[in-house]
Amino acid sequence: MTRAHVLVRLTPGLEANAVGQIRTIPGVADIIMVFGRWDAIVTVEAKSLPALSRLVISQIRGIQGVQATETLVTADV
């Protein structure tokens with residue numbers, strides 16, 4: 001299982017709708033709203049790195065109101 005935290009910048013005025021849509025995506029484990037350069041931290045899980053990439057690129061980035069993302073893949077050290 002591949003896990004990551006996706007930092008999301010949202011369009012002002014479209015935050016609630018975008019967050020609602022993100023919550024419905026299979027593989028989204030949690031979403032936390034934050035203040036600062038990013039507006040939300042989305043925890044996602046996928047079976048593989050390519051599947052995680054598809055989840056972020058095709059689904060999260062495709063939502064109206066999502067301006068930018070930065071994906072931080074977790075690691076066991």
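Begin with the surface of the whole protein chain: in this predicted model, the accessible surface comes to about 4700 Å², an area obtained by the Shrake-Rupley method with a 1.4 Å probe, and 55% of it belongs to carbon and sulfur atoms. Because the model is predicted, local features need pLDDT of at least 70 and side-chain atom pairs count only at pLDDT 80 or more, whereas totals for chains, interfaces and linings use all residues. Residues are numbered from 1 along each chain as its sequence is written, and side-chain values use heavy atoms, with hydrogens and water left out.

Next, switch to a cartoon view and follow the protein chain along its sequence, where the pattern reads β-α-β-β-α-β; helices (H or I, at least four residues) and strands (E, at least two) are DSSP runs numbered from the N terminus. The radius of gyration, taken over C-alpha atoms, is 12 Å, close to the 11 Å that the globule rule gives for 77 residues, so the protein chain is as compact as a globular protein of that length; the rule itself is 2.2 Å times the number of residues to the power 0.38. If you display the C-alpha atoms alone, they fill a box of roughly 35 × 25 × 15 Å, taken along the principal axes.

Now select helix 1, residues 15-23, and show the side chains of Ala-18, Val-19 and Ile-22, which are buried (under 20% relative accessible area, with a 1.4 Å probe and protein chains only). These three cover an arc of only 95° around the axis, which puts them on the same side of helix 1; the arc is that of the directions from the helix axis to the C-beta atoms. An α-helix has 3.6 residues a turn, so residues three or four places apart point the same way. Turn to the other side of helix 1, and you will find Ala-16 and Arg-23 exposed (over 50%). To see what covers the buried residues, add strand 1 (2-10), strand 2 (28-33), strand 3 (40-46) and strand 4 (66-73), which are included in that cover.

Finally, select Gly-27, in the loop between helix 1 and strand 2. Gly-27 is partly exposed, with a relative accessible area of 27%, a value in between the two cut-offs. Leaving aside neighbours within four places in sequence, Gly-27 is in contact with Thr-43, Val-44, Glu-45 and Leu-55, where contact means heavy atoms within 4.5 Å. From C-alpha to C-alpha, Gly-27 and Gly-13 are 25 Å apart in space and 14 residues apart in sequence.
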